[in-house]
Amino acid sequence: MRGIFFAIIIFIIVVILIPIFIFTSCDLSVEKNDYVEKNIVESDLTVTVYNHKTDEIMKLDLEEYIANVVAAEMPARFEMEALKAQSVAARTYAIWRYLSHGEEGHPEHPGAVLCTSHQHCQEWLSKEELKERHGSEWMKTYWPKIQEAVNTTTGIVMTYDMKPIEPLYHSTSGGVTENSEDIFTSAVPYLRSVSSPYETESPVLVDTKRISVKEFVNTIKKEKSNIRLSERNLMSQIKIGERTQGGTIKEITIGNETLTGSQIRRLFELRSADFEIDVDGNTVEFTTRGYGHGVGMSQWGAQGMAEQGSNFVEILEHYYLGVTLSKIKSYRD
């Protein structure tokens, strides 16, 4: 009996009390202005970030880190509600990373939970880098706007079953986002394919890239050394197979080999794996839709929703299904 009693106590502490201590759920039924005013949380959390440019590990205030990520990841001219959505996504990613790897950091950058590269974590630029890239007027006009987006969402993260989610995001989906298992390894309940209809202003909604037939064939042969592929009648040797719900090519047969759309995207540095191929004379033309992996929040879709009147809560709940917005209380205990 004593063993059962202690087991129940441990269950209550681990499953119920600890999540409540870490996160408290926000009241999402209030109006947008009330939401911002009533749910501000003071946060003095810090994160360790490996700087690829300087080869050093920085210790940054969490909210300061988020501001520099938002400035690097999303155009500052975007609507405030889109910037708020990006702030929450970036903050959630930082907390998810910490809980996944702890203070010892990620194996690819030991001692640092995060890094400054979008190819591995999230893009981060210092104020000096932002000024150099955009100029002094940009800093005067847009840096305060970014700070406002971060400050009015301070401490807010997305959770699913009281745990921070992995909030993947990308530039442009091409109209429909992807199911996580179609692009990565596993199915995640909050990373489902949803419509993203308000991306028409994205400059990368449709993109074209042209290369020579010779370059195409040589590149494929380097990837697949046993492939039987000739430059003559190339189009007849290419067949696009099944696509995902979001449009990404699952399989494409070239010669006697089968590749994935993601492989072709990597080999030819395409904006997405949702593409068409055409051969005209000695030229191969790729026409892509969208930019990025297509999973999670579309940044241009978020901008379009904000322009249509959606607030950041509505944007996040559209792209991340079943999530709850919660406030950080602690992530160290």
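Colleague: In which loop does Asn-233 lie?

Modeller: In this predicted model, Asn-233 belongs to the loop between α8 (213-223) and β11. Asn-233 has a positive phi of about 50 degrees although it is not a glycine, and this can be set against the general rule that most residues other than glycine have a negative phi.

Colleague: Why is Asn-233 called exposed?

Modeller: The relative accessibility of Asn-233 is 55%, and the word exposed is kept for values over 50%, so Asn-233 counts as exposed.

Colleague: Where is Asp-161 placed, and what is its phi?

Modeller: Asp-161 sits in the loop between β7 (156-160) and β8 (163-164), and its phi is positive, about 55 degrees, although Asp-161 is not a glycine. The two strands form a hairpin that has two residues between them. Asp-161 has a relative accessible area of 65%, which is over the 50% that the term demands, and therefore Asp-161 is exposed.

Colleague: What makes β7 and β8 a pair of strands?

Modeller: A pair needs at least two bridges, and two bridges join β7 to β8, which run antiparallel, so the condition is met. In β8, Pro-164 is the bridge partner of Thr-159. On the count of bridges to β17 (residues 324-328), β7 again qualifies as paired, because four bridges join these two antiparallel strands where at least two are asked for. Ile-156 stands opposite Lys-327 in β17. As for accessibility, β7 is mostly covered, with four of its five residues buried.

Colleague: Why is the sheet of β11, β12 and β13 described as having edges?

Modeller: The three strands form an open sheet in the order β11-β12-β13, with antiparallel pairing. β11 (238-240) and β13 (257-259) each have a single partner strand, so one side of each is left without a neighbour in the sheet, and these two strands stand at the edges. On average, neighbouring strands are turned by 20 degrees against each other, direction ignored.

Colleague: How do you know that β12 pairs with β13, and which helix packs on the sheet?

Modeller: Three bridges join β12 (residues 252-254) to β13, and the two strands run antiparallel; since at least two bridges are required, they pair. Ile-252 has Leu-259 of β13 as its bridge partner. The helix is α9, which packs on the sheet by touching β12 and β13, and its direction makes about 85 degrees with that of β13.

Colleague: What makes α10 (299-307) a largely enclosed helix?

Modeller: Eight of the nine residues of α10 are buried, so the helix is largely enclosed by the rest of the structure. Among the buried residues are Gln-299, Trp-300, Gln-303 and Met-305, and for each of them the term buried stands for a relative accessible area under 20%. Their cover includes α3, α4, β9, β16 (297-298) and α11 (312-319). Just after α10, Gly-309 takes a positive phi of about 105 degrees.

Colleague: Which elements and classes of residue line the largest pocket?

Modeller: The largest pocket has a volume of about 1,100 Å³. Of the 33 residues that line it, the closest to its centre are His-118, Gln-119, Tyr-169, His-170 and His-293. The elements giving two or more residues to the lining are α3 (62-73), α4 (80-101), β9 (169-170) and α10 (299-307), and the largest share, three residues, comes from α4. By class, the lining holds 16 nonpolar, 12 polar and five charged residues.

Colleague: What lines the second largest pocket, and how many of the lining residues are charged?

Modeller: This pocket, with a volume of about 260 Å³, is lined by 20 residues, and Ser-262, Arg-265, Ala-273, Gly-292 and His-293 lie nearest its centre. Helix α9 (residues 261-268) gives the largest share of the lining, three residues. By class there are four nonpolar, 10 polar and six charged residues.

Colleague: At what angle do α5 and α6 pack, and which residues make the contact?

Modeller: Helix α5 (residues 127-134) and helix α6 (residues 136-151) pack at an angle of about 115 degrees, with their axes 7 Å apart. The contact is made by Lys-127, Leu-130, Lys-131 and His-134 of α5 together with Ser-136, Trp-138, Met-139 and Trp-143 of α6. By class, four residues of this contact are nonpolar, two are polar and two are charged.

Key:
Residues numbered from 1 in each chain as written. Predicted model: local features only at pLDDT ≥ 70, side-chain atom pairs only at ≥ 80, totals over all residues. Heavy atoms only, no water. 1 Å grid on protein atoms, 1.4 Å probe; cavity = no way out; pocket = protein on both sides within 12 Å on 5 of 7 lines; lining within 4 Å. Points joined across faces, edges and corners; volume = space filled by probe spheres on them. Nonpolar A, V, L, I, M, F, W, Y, C, P; charged D, E, K, R; others polar. Axes fitted to C-alpha atoms, helices over the stretch in contact; angles between N-to-C directions. Contact = heavy atoms within 4.5 Å. Buried < 20%, exposed > 50% of the residue type's maximum accessible area, 1.4 Å probe, protein only.
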